[in-house]
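I opened the notebook with a strand pairing in mind and a few look-ups to follow. Here is the model I worked from.

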Amino acid sequence: MTTKTDKIDRLAELTAARAEPEHGLGLWREAFRRLKRNPMAVSGAVIVLLFLVIAILAPWLAPYDPEARTWDHEVFQNQNIFVGPRAENWLGLDNAGRDELSRIIVGARQSLLVGVVATGLGFAVGALLGGLAGAAVGLGGRVGQRVDAVIMRVVDMLLAMPSLLLAVSVAAILGPSLLTVMVAVGVTQVPIFARLLRGSMLAQSHSDYVLAANALGVKRRRIVLGHIVPNSLGPVLVQGTLSLATAIIEAAALSYLGLGNPDTSYPEWGSMLADAQRFLSGAPQLAIYPAIVIIITALGFTLLGEAMRESLDPKLRK
Amino acid sequence: MLRFIVRRLLQLIPTLFGLSILLFVWLHRLPGGPEAAILGDRGTAQQRAEIRTTLGLDEPIWVQYGRFMKRLASLDLGTSIQSGRPVTEEFFTRFPATVELALTAMVIATVVGIPLGYLAARRRGGLLDFGAVTSSLVGICVPVFFLAYLFKVIFAVNLGLLPSSGRQTPGIDATHPTGFYVLDGLLTGEFDASWDAFAHLILPGLALSSIPLAIIVRMTRASVLEVLGEDYVRTAEAKGLQENTVRVRHVLRNAMLPVVTAIGLLTGGLLSGAVLTESVFAFGGIGSFIRTAIDFRDYPVLMGFIMLIATTYVLINLLVDISYSVLDPRVRVR
Amino acid sequence: MSLLTVDELTVTFTQRGKPDVRAVDGVSFTVDQGEVVGLVGESGCGKSVTSLALMRLLSGRNVKIGGSVVFDGIELLKLRSEEMRDLRGSQLAMIFQDPLSSLNPVVPIGVQVTEILTRHRKLRGEAARKEAAVLLEKVGIPDPTRRLREYPHQMSGGMRQRALIAMAVACAPRLLIADEPTTALDVTIQAQILELLKELVDSQGTALLMITHDLGVVAGLCDDINVLYAGKVVEAAARRPLFAAPTHPYSVGLLNSIPRLDAPRGEPLKPIRGSVNDNIAWADGCAFAPRCDHYTIECLQGPPALTEALTGHRYRCVNPVTTHEPPAVIATEDGR
């Protein structure tokens with residue numbers, strides 16, 4: 001006959017073996033844990049990290065000066081003679097006899113800068129408008145509703161304009177410059193962020209747990225700061241990551257329309273791609289290289305953003 | 001239903017009103033003006049002033065705005081500074097081209113995207129699913145103008161399969177009662193002209209469809225996956241219904257709801273993409289005309305075109321809302 | 001011969017990177033022609049999964065089903081899916097727990113009723129609509145012709161469940177499976193729906209497999225009762241012996257946890273401590289041991305066998321409750 005302690009120990013051992021290991025993790029920690037296991041997120045993160053490293057270390061990574069026309073005597077664009085990849089120039093030369101690889105590497109900086117500043121701008125203004133509207137609705141009352149209606153009308157107006165036309169008119173007003181590209185792309189992001197933040201704030205404030213917090217007498221300010229804002233932030237963060245991808249592509253489109261940065265002392269993927277279209281039959285690689293890096297970078301941000309969306313969505317959790 | 005439509009149309013008025021003020025102030029702050037574009041660098045100060053006076057640009061901006069609104073009341077958007085023709089006429093000769101292009105792209109995107117998204121969801125985790133998800137993720141990231149150029153070089157220039165630019169082959173002499181070239185040919189019986197116009201639409205249409213296609217595939221897939229897990233699909237299966245009935249009536253019917261909304265929202269992006277695609281294929285739509293209008297500071301054209309585009313966009317979304325309420329009885333419009 | 005014989009049914013869910021979950025672990029029971037059988041247990045005990053497995057509604061690569069299910073001499077688990085489709089809705093029908101989510105929100109009720117008539121009884125057009133109205137009338141929906149045009153969201157919870165029942169009995173099936181049909185409804189409606197089910201089953205001679213966590217429902221309705229715990233049948237008996245002399249400590253706990261009107265005021269309820277998640281693998285011993293007041297070290301020495309008493313009363317316990325607690329008297333309105 002065994003003793004009573006044996007009995008308890010054996011049971012404890014067996015139950016412990018069946019215990020759920022992932023009990024009681026926070027939303028964000030759990031989301032991060034899921035992200036780490038998602039191949040989409042990992043590949044996106046690797047691309048984004050690589051892009052960041054290249055952009056930051058560009059001057060040291062580039063084998064040559066991206067502007068030096070060291071080999072221009074070898075290139076005759078009017079006769080369609082271009083130099084392809086070779087030992088000293090891994091990606092060959094561009095139409096002005098410059099090292100293509102160095103231009104691509106240094107070009108990462110401009111794309112990063114445009115992407116980050118434009119998205120930051122779009123987010124700042126959009127979040128301000130959306131947050132204001134959301135808060136106004138949250139405060140309620142006739143005044144709150146008015147404020148919300150006015151802000152959202154403006155946002156809807158921005159949304160009613162095709163985003164590229166919006167960017168083109170901004171670019172036309174400010175005149176071509178690097179700042180113009182950033183502002184023009186940023187403006188197109190404003191209505192997206194505004195709608196998103198307001199929408200998710202409203203959804204949150206109507207959710208059962210906010211009602212419950214209200215019923216428990218939690219202070220209004222604590223509900224907004226402690227519940228509504230953190231829970232609305234997820235979608236905004238996702239949109240921010242996705243917007244970085246759009247910003248890089250739209251900046252390229254502006255360059256293509258001739259509204260890019262006229263200062264050519266720094267190479268930029270969009271204008272490289274736009275310029276190269278002239279030689280597409282003779283030297284398709286000159287268009288394909290910048291196109292590929294644009295696509296890969298945008299893909300990196302998209303993958304990361306989509307994976308984040310999935311991991312934050314409670315409906316998709318399992 | 002009728003009251004809903006009327007109310008939505010009435011709501012359009014303040015939106016357009018606000019947009020017009022915003023645009024007016026905005027556009028008139030553009031550096032330079034039509035006189036610079038007309039005269040180039042040679043004009044004297046006096047010539048410039050003369051042109052500004054004839055165009056009424058020397059008056060205070062609110063007077064100009066007042067005149068604009070007065071004309072608008074009689075549905076007159078003014079005359080183009082570049083061509084001297086009425087803005088509405090300029091718009092409606094070019095609009096059908098853009099509509100044709102956008103419609104082609106949307107048809108490609110939905111006809112390919114919805115079945116593909118459905119199949120990907122049904123075979124979740126399979127090869128087709130992986131392919132559909134991957135290519136749609138890449139599809140969103142490819143710049144439209146690059147894709148357009150690539151198509152043009154490969155299929156038109158190198159392989160010579162399809163025309164590389166324009167809306168119809170120059171030699172063709174066809175009448176255009178509506179301005180929709182494909183439709184015109186069918187109406188007048190000039191089927192070869194129809195076919196020719198259609199061939200001109202294929203490449204730009206394909207390029208333009210890339211982004212909506214990618215989005216529709218992903219949305220359909222996600223939506224079908226969600227619906228497949230719903231209790232009512234299980235009920236339908238428990239009733240022993242034929243697979244096709246379950247598929248169409250119970251799965252697709254519900255899964256299409258969010259996709260329909262997305263299609264409405266995508267039209268805005270489609271118009272943006274059209275500007276780029278039109279310029280690659282020298283397709284004479286509104287996109288390319290707006291580009292030159294900006295360079296020319298053609299204020300009436302810019303004002304008119306952008307407002308007409310915004311109206312179109314709002315109307316499309318109204319259409320989407322109406323079809324949504326037909327598809328989903330829970331959202332009965334009030 | 002029984003209408004339905006379930007023998008050693010197992011359902012295992014597999015997921016990459018996670019251990020397999022055996023939701024149903026060797027369940028056996030039978031349902032005779034016209035009989036009402038209860039499948040009772042807490043949420044998570046595998047009762048719903050059992051019912052879905054019977055109907056072959058568990059699909060996907062990550063589900064493995066073993067054992068055998070014989071319906072009217074046919075092995076259901078080996079049928080081709082097209083043949084199963086012909087049986088579902090006509091021979092075997094099912095009613096689900098949540099009537100709102102179980103009805104297609106964008107299709108009128110009428111279509112959802114007529115589609116099953118078209119499928120199995122080849123009724124079309126006006127004939128199908130007439131029959132659908134008759135069915136709605138039969139399940140107690142007033143003004144059926146108008147209701148046929150309505151959408152699920154326009155009806156009340158009770159009406160929706162009646163509509164679902166109408167669909168289930170549309171082809172006079174031989175076996176009706178009801179998975180918690182009253183859980184999502186108001187108490188007053190619950191009684192009506194149970195009454196309706198009983199009437200339909202009696203009048204059509206349909207056998208009913210009632211899946212519930214509510215012993216009150218079982219007491220008023222079922223001829224035979226199977227108590228499930230962690231995927232296994234832990235006790236099976238006819239209604240009277242089960243309520244009069246529950247043998248497995250889990251059944252005893254379930255009966256004791258029912259609030260009783262004749263109990264002295266202020267007496268606390270007696271819940272079973274812990275939750276379904278506090279279990280151990282059947283391979284190691286009795287899964288109920290961590291929550292059991294009667295367990296000894298013997299309970300932890302391998303899976304307990306099913307003991308069958310002469311009366312047909314079966315229980316899976318090494319320390320059955322011998323000194324019976326006062327039998328829970330539950331009012332049963334019929335005298336069967």
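I looked up Thr10(C) and found that its bridge partner in β4(C) is Gly66(C). This is a predicted model, so I read every entry here as computed rather than seen in an experiment.

Next I checked the two strands around that pair. Strand β1 (residues 4-15) of chain C runs antiparallel to strand β4 (residues 63-71) of chain C, and I noted eight bridges between them.

Which order do the strands take in the open sheet of chain C? I wrote down β2-β1-β4-β5, four strands with antiparallel pairing. At the edges I found β2 (18-31) and β5 (74-75) of chain C; each has a single partner strand, so one side of each has no neighbour in the sheet. I added a reminder to myself that strands of a sheet pair through backbone hydrogen bonds, either parallel or antiparallel.

Then I turned to chain A. I listed eleven helices and zero strands. Of its 318 residues, 44% count as buried. I also looked at contacts in chain A between residues at least 6 apart in sequence: 69% of them join residues at least 24 apart.

My last look-up was the contact between chains A and B. How many residues does each chain give? I noted 31 residues from chain A and 33 residues from chain B. On the side of chain A that touches chain B, the elements giving two or more residues are α5 (141-160), α6 (163-174), α9 (220-256) and α11 (284-312) of chain A. By class, I recorded 23 nonpolar, six polar and two charged residues on that side of chain A.

Note on methods:
Residues are numbered from 1 along each chain as its sequence is written. Chains are lettered from A and ligands numbered from 1 in the order in which they are written. This is a predicted model: local features need pLDDT of at least 70, side-chain atom pairs count only at pLDDT 80 or more; totals for chains, interfaces and linings use all residues. Two residues are in contact if their C-beta atoms, placed from the backbone, lie within 7 Å. Ala, Val, Leu, Ile, Met, Phe, Trp, Tyr, Cys and Pro count as nonpolar, Asp, Glu, Lys and Arg as charged, and the others, Gly among them, as polar. A residue is buried if 20 or more other C-beta atoms lie within 10 Å of its own, exposed if 12 or fewer, and partly exposed in between; C-beta atoms are placed from the backbone. Two strands pair if DSSP finds at least two bridges between them.
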